[in-house]
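User: I have a set of questions about the structure shown below. Please keep the answers short and show the reasoning.

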Amino acid sequence: MSSIALGQRSSRGVVLVTTKKPQLGPPQLSFSAQVGIQEPMKLPKPVSAFDYAYLVNEALQNEGRKTVYSVADLEAMKSGDNPYRYPDVNWYDEVIKERAPLYRYNLNLGGGGNVARYMVSLNYMNQEGLLNTSNPDATLQLQRYIINSKVDIDVTKYFQIGVQLFGRIQDGNQPGATVSSILDNLLRTPNNGYPVYNPDGSFGGNNSFQTNLRASLDKSGYMMNNDRDIMANLDLKYNFDAWL
């Protein structure tokens, strides 16, 4: 077998492509399909708006400082009667999907005779991300096509040539606000930060939270990452047993 490692400096991780050694025999065709479901392994569980405000007041009191939330504020958060002035939004549920699909298909063809042997592999992968956006262009997604082939030729009894060709097309989408920025703001936003929408339908926010997470997902445009790779390896082997 021979291997190619791509994307060693990429934020998407390394793609390791392994080519099997061509085998002598009649043509053999194989096909495999995989379908999977991705789920977050573990997510933080944010406290409610009331619990957050209560704990902030308690921390300030322990430091001998003036509290931020009044008794009336706490009661309003507990009742939830005014979700615009006293919101209680679980932003993790708003931003992160419960699950997303993953598809992978692979087609292999190989065979050959005493002089030449070949192996061709075609691979397609479609991986959807876990960001919950309503903008189809900004859906977190990765699509990848890979063709990988190897031909071994016995020029003489002692001299062999091996040719490997590899090609990759990879396209990725993400919201224009970028995944890292959205996740960073998600970690910093409490349940009582702001409502998702204002009464007039505009996105919620305030001086402390000027970037609405829902707006970042749906209204920040989108970014595309396109990778194209073509590689070729030429191996020459000569057996000197007849001379040594």
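User: How far apart are the N and O atoms in the salt bridge between R99 and E98?

Analyst: The model is a predicted one. In it, the side chains of R99 and E98 meet in a salt bridge. A side-chain nitrogen of Lys or Arg has to lie within 4 Å of a carboxyl oxygen of Asp or Glu to count. For R99 and E98 the N to O value is 3.3 Å.

User: Is E98 buried or exposed?

Analyst: The cut-off for exposed is over 50% relative accessible area. R99, at 44% relative accessibility, counts as partly exposed. E98 has a relative accessible area of 58% and is therefore exposed.

User: What is the distance between the closest N and O atoms of D184 and R188?

Analyst: D184 and R188 are 4 residues apart in helix 4, so about one helical turn separates them. D184 is partly exposed at 34% relative accessible area, while R188 counts as exposed at 58%. The two form a salt bridge whose closest N and O atoms are 3.0 Å apart.

User: Which residues are joined into one network by salt bridges that share partners?

Analyst: By the distance rule the count comes to 10 salt bridges. Some of these share partners, and the network they make consists of E39, E98 and R99.

User: Which residue forms a salt bridge with R65?

Analyst: R65 is exposed, and its partner is exposed as well. The closest N and O atoms of the pair are 2.9 Å apart. The partner of R65 is E63.

User: In what order do the strands of the open sheet follow one another?

Analyst: The sheet has 6 strands, and their pairing is antiparallel. Strand 3 (25-38) and strand 8 (222-238) are the edge strands, since each pairs on one side only. On average, neighbouring strands are turned by 5° against each other, with direction ignored. The order is 3-4-5-6-7-8.

User: How many bridges join strand 7 to strand 8?

Analyst: Strand 7 covers residues 159-175 and runs antiparallel to strand 8. One position in this pairing is G172, which stands opposite N225 in strand 8. The number of bridges between strand 7 and strand 8 is 17.

User: Which residue in strand 4 stands opposite F31?

Analyst: Strand 3 and strand 4 (residues 100-112) run antiparallel and are joined by 12 bridges. Opposite F31, strand 4 places L107.

User: Through how many residues does the hairpin join strand 4 to strand 5?

Analyst: Strand 5 covers residues 116-128, and 11 bridges join strand 4 to strand 5 in an antiparallel pairing. In this pairing G110 stands opposite M119 in strand 5. The hairpin between strand 4 and strand 5 runs through 3 residues.

User: Which elements give two or more residues to the nonpolar surface patch?

Analyst: The patch covers about 750 Å² and is made by L29, F31, V35, Y105, L107, L109, L122 and I147. L29 is found in strand 3 and counts as exposed at 64% relative accessibility. The elements that give two or more residues are strand 3 and strand 4.

User: Which residues form one aromatic cluster?

Analyst: Ring centres have to lie within 6.5 Å for two rings to pair. The structure holds 9 aromatic pairs. The residues of the cluster are F31, Y105, Y124 and Y145.

User: What is the angle between the planes of Y194 and F209?

Analyst: Y194 and F209 both lie in the loop between helix 4 (179-188) and helix 5 (213-218), so their pair ties together parts that are 15 residues apart in sequence. Y194 is buried at 1% relative accessible area, whereas F209 is partly exposed at 22%. Their ring centres are 5.9 Å apart, and the pair is tilted, with an angle between the planes of 45°.

User: What distance separates the C-alpha atoms of L43 and I96?

Analyst: L43 lies in the loop between strand 3 and helix 1 (49-62). This residue is partly exposed, with a relative accessible area of 38%. L43 and I96 are 53 residues apart along the chain, and their C-alpha atoms are separated by 9.4 Å.

Key. Residues numbered from 1 in each chain as written. Predicted model: local features only at pLDDT ≥ 70, side-chain atom pairs only at ≥ 80, totals over all residues. Heavy atoms only, no water. Pairing = 2+ DSSP bridges. Axes fitted to C-alpha atoms, helices over the stretch in contact; angles between N-to-C directions. Phe/Tyr/Trp six-rings, centres within 6.5 Å; stacked < 30°, edge-to-face > 60°. Buried < 20%, exposed > 50% of the residue type's maximum accessible area, 1.4 Å probe, protein only. Patch = residues over 30% accessible without salt bridge, like charges linked within 9 Å, V, L, I, M, F, W, Y side chains within 5 Å. Areas by Shrake-Rupley, 256 points an atom, 1.4 Å probe, with all protein chains shown as cover.
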